[in-house]
Amino acid sequence: MSSAAAQPLRIAITGASGRMGRMLIETVLNAPDCQLSAALDRDGSPSLGQDAGAFLGRQTGVTMTSDVRAGLARSDVLIDFTRPEGTLAHLALCAELGVRTVIGTTGFTDEEKTRIAGFAERAAVVMAPNMSVGVNLVLKLLESAAKALAEGYDIEIVEAHHRHKVDAPSGTALKMGEVIAEALGRDLKTCAVYGREGVTGERDPSTIGFATVRGGDIIGDHTVLFAGIGERIEISHKASSRATFAQGSLRAARFLAGHRTGLFDMNAVLGLA
Ligand SMILES: NC(=O)C1=CN([C@@H]2O[C@H](COP(=O)(O)OP(=O)(O)OC[C@H]3O[C@@H](n4cnc5c(N)ncnc54)[C@H](OP(=O)(O)O)[C@@H]3O)[C@@H](O)[C@H]2O)C=CC1
Ligand SMILES: O=C(O)C1=N[C@H](C(=O)O)C[C@H](O)C1
């Protein structure tokens, strides 16, 4: 693997013509210690055959291709923001070729997460539903807040995203719920309430509620509400650009340069553990 100090880190990007794929290409091209080694999309994508920088009006010399194996063979790290089925197929190749992987995709089932952990025994992986420094700090704040507000406060998580998002609640909202549930000694699987309708009865204080908003071009807003009697506390994060996710992904890629195997989260990358 290339040493980040001596040679640039060779980064492949799958889902390269997607919203995050494009932001990642731009971010890698602007990072002096990184090199775009492959821009990959699936068969049928109209972007195949184009220069990876065409959408920026830049010539990079990297052509968009669907040959994932060849792209990974010339790369140190893959950054994957696609869909669960795509990520798992890419990860199987990474494990075979010894290519480290940063996974930003959300919407995995528990069984799929177990498979990812298996692949990480063969080539190191960072996986996080949100790569931004801010959200990962918020997760830490939520742990403290949940413990301090364990009695007498109802907990509701509200998230808003753009109209194209396909999974709900967001991976970040679910992670927030998991962190809070763990801090309170609850199991999110049994205490989560996903939306309400009709005659619901009074709120059960042991539940954690989720509400999802979808519309326009909202990049990603998350608010956790601790609602008590006479006051409420709101902890919010609002992303104003996908650049924050891309910068976090590059930090994860650099972190992976120092690890051969293992499954890591952004706490490990950011030293927040
Ligand atoms: N962890 C984080 O910080 C963040 C995570 N995300 C997550 O990243 C993922 C992608 O988001 P976004 O960029 O907005 O999505 P887009 O739909 O804009 O892009 C997805 C890309 O992946 C490709 N793709 C879709 N399915 C497959 C597949 N089965 N195999 C290979 N490639 C595939 C798409 O190709 P095609 O166009 O042909 O369908 C497209 O190029 C989502 O799961 C989202 O929740 C997003 C932002 C931040
Ligand atoms: O799909 C998105 O756009 C985002 N998805 C992630 C999630 O599901 O939490 C993170 C971010 O909020 C943007």
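A residue counts as being around a ligand here if its C-beta atom, placed from the backbone, lies within 6 Å of that ligand. By that rule, ligand 2 has Thr106, Pro129, Asn130, His161, Lys165, Ser170, Gly171, Thr172 and Gly220 around it. Keep in mind that this is a predicted model. Two open sheets carry the strands discussed below: one has six strands, with parallel pairing, and the other has five, with mixed pairing.

**The two ligands**

- Sort the shell of ligand 2 by class and you get seven polar residues, one nonpolar and one charged.
- Ligand 1 has 25 residues around it, and the ones that come nearest are Gly15, Gly18, Met20, Gly86 and Gly104.
- Two elements, α1 and α3, each give two or more residues to that shell.
- Helix α1 provides the largest share of the ligand 1 shell, with three residues.
- By class, the ligand 1 shell splits into 14 polar, six nonpolar and five charged residues.

**The six-strand sheet**

- Reading across this open sheet, the strand order is β2-β1-β3-β4-β5-β11.
- The edges belong to β2 (34-40) and β11 (263-264); each has a single partner strand, so one side of each is left without a neighbour in the sheet.
- Strand β1 (residues 9-14) runs parallel to β2, and six bridges pair the two.
- If you want a spot to look at in that pairing, Thr14 has Leu40 of β2 as its bridge partner.
- Helix α1 (residues 19-29) packs on this sheet and touches β1, β2 and β3 (77-80).
- The direction of α1 makes about 155° with that of β2.

**The five-strand sheet**

- Here the order goes β7-β8-β6-β9-β10.
- At the edges you'll find β7 (192-194) and β10 (232-239), each with a single partner strand, so one side of each has no neighbour in the sheet.
- From one strand to the next, the twist averages 15°.
- Edge strand β7 runs parallel to β8 (residues 208-214), and three bridges join them.
- One residue to look up in β7–β8 is Ala192, whose bridge partner in β8 is Ile208.
- Over at the other edge, β9 and β10 are antiparallel, with eight bridges between them.
- In β10, His237 stands opposite His222.
- The hairpin of β9 and β10 has four residues between the strands, and Gly230 in this hairpin takes a positive phi near 90°.
- Helix α6 (residues 171-183) lies across β6 (154-161), β7, β8 and β9 (220-227).
- Relative to β6, α6 runs at about 165°.

**Helices α3 and α4**

- The axes of α3 (residues 84-97) and α4 (residues 110-119) come within 10 Å and cross at roughly 15°.
- Angles under 35 degrees count as roughly parallel, so α3 is roughly parallel to α4.
- Their crossing is left-handed.
- On the α3 side, the contact is made by Pro84, Leu88, Leu91, Ala92 and Ala95.
- On the α4 side, the residues are Glu112, Arg115, Ile116 and Phe119.
- By class, this contact has seven nonpolar residues, two charged and no polar ones.

Key:
Residues numbered from 1 in each chain as written. Chains lettered and ligands numbered in written order. Predicted model: local features only at pLDDT ≥ 70, side-chain atom pairs only at ≥ 80, totals over all residues. Axes fitted to C-alpha atoms, helices over the stretch in contact; angles between N-to-C directions. Parallel < 35°, antiparallel > 145°, perpendicular 65-115°, else oblique. Left-handed = near helix turned anticlockwise from the far one by under 90°. Contact = placed C-beta atoms within 7 Å. Nonpolar A, V, L, I, M, F, W, Y, C, P; charged D, E, K, R; others polar. Pairing = 2+ DSSP bridges.
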